[in-house]
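Me: Please take a close look at one part of this model, working from its surface towards its interior. I would like a single connected account, with the cut-offs stated wherever a term depends on them.

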Amino acid sequence: MFTAGLRSLWDEPRAADTPERVWLDRVLVGVVMVAALLEGTLREDVTWRPVVTIVTVGLAPVLLWRRTHPLVCVVVGFGTGMALGLASWLGGTSGVGLNTMIYILVLVYSLVRWGSGRQIVIGLLLVAVAAGFSIATDYTGPAELFGGLAVLAAAAASGAAFRYRAESRRRALDQVRSQERVGLARELHDSVAHHVSAITLQAQAGMMMAAKRPEAALEALAIIEGEASRTLAEMRAMVRVLRDGAPAEYGPQPGVADLMLLARREPDPVVDVELAGDLAVLRPQVDAAVYRMAQEALTNALRHARNASRVEIRVVEGAGRLRLRVTDDGQIDPARPATHGFGLLGMTERVQLLGGTLRAGPTPEGGWAVDAELPMELPL
């Protein structure tokens, strides 16, 4: 298990959306430089004052690259600290360095926060070696030993915590975008399927009437042209949104009141729409869902109901429930899906999200029926 965990850490990619540099980085570097100069000038017990002051000030700009090159910054920062410690040990001097040098802990945080897995492993090993070298050459007691190790661990843990939080937020956003894309794909399917069914019916009617009434065939062609143009426009709009980075263009969603536009007297099958009850106070989610389900059920009837002469769409409100029933009197197509298919799956998902029920299948009288029941109020 330990080996698997280490392998997983080693293969971890760099944090996503790593910023290169912000104005606060320059402010931080400026503050560190000023603090180092003040400490190196005013503090009385500084060993090797010019050297440690120059080193502390000269190392500060490394903070500017701590996100884009975290491992290199750790190598430079802690490598310089080890070199300074080695020089003081060889010179027989202890306690060399400024307190301002504590800013190199930011490099440990940045390594874990922004680095890849292998950079984190290599960098933390280097930090451990530097800490061990410091303990071996400048041991001052258990209190400072455990305190220093705790500070190092806290810096690394803080980087891990912020990295995990950012990754969780990114994954949540990706999940929301994925759900939105599935919803858009469902809308695209519903809309295009409806338009294509209408085009097919008009083409069939035009061919039937071409010999007897040429003007009717021309009217059918005009309707086909309009339906095809609307279909292409909707497809282009949806595809633009499905592409990464494309801005969405929002418009009003069709609702129950728009179902009357689906009614027609010709060509066959006749489509009758009946709305009953108080339908003016529907929630927007319920209003749009009922329209899309009725549209999908009508599309399925036009595509699959053989020899159908009539399709009925009925929406009734009562007792806090909204009932949708779509029936046709056609002959059952054996290939017609009863529980499968993207359209029926989309209707089922809509109903379940709103806390309702859906039934679809053949009727005892012949034909096909889709029955949906939704609560007027959304479930908590």
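**Two loops and the core beside them in sequence**

Reply: A319 has a relative accessibility of 78% and therefore counts as exposed, a class that begins over 50%, whereas buried means under 20% and partly exposed covers the range in between, with a 1.4 Å probe and protein chains only. The model is a predicted one, in which local features need pLDDT of at least 70 and side-chain atom pairs count only at pLDDT 80 or more, while totals for chains, interfaces and linings use all residues. Residues are numbered from 1 along each chain as its sequence is written, and side-chain values use heavy atoms, leaving out hydrogens and water.

The backbone of A319 also deserves attention, since this residue, although not a glycine, has a positive phi of about 55°. A319 is found in the loop between β2 and β3, where strands (E, at least two residues) and helices (H or I, at least four) are DSSP runs numbered from the N terminus. A second residue with a positive phi is N307, which is not a glycine either and whose value is about 60°. N307 is found in the loop between α9 and β2, and it counts as exposed because its relative accessibility is 65%.

The elements that flank these loops lead into the interior. The largest nonpolar core, that is, a set of buried Ala, Val, Leu, Ile, Met, Phe, Trp, Tyr and Cys residues joined through side-chain atoms within 4.5 Å, has 32 residues, and those that touch the most other members are L259, V290, I313, V315, L322 and L324. Two or more residues of this core come from each of β1 (270–276), α9 (284–304), β2 (310–318), β3 (321–328), α10 (342–353) and β5 (368–375). It is α9 that gives the largest share, with ten residues.

What does L322 touch, once residues up to four places away in sequence are set aside? With contact taken as heavy atoms within 4.5 Å, the list holds L279, L282, V286, V290, V315, V316, E317, A372, E373, L374 and M376. Apart from this core lies another one, of 26 residues, among them V74, M101, L111 and A131.
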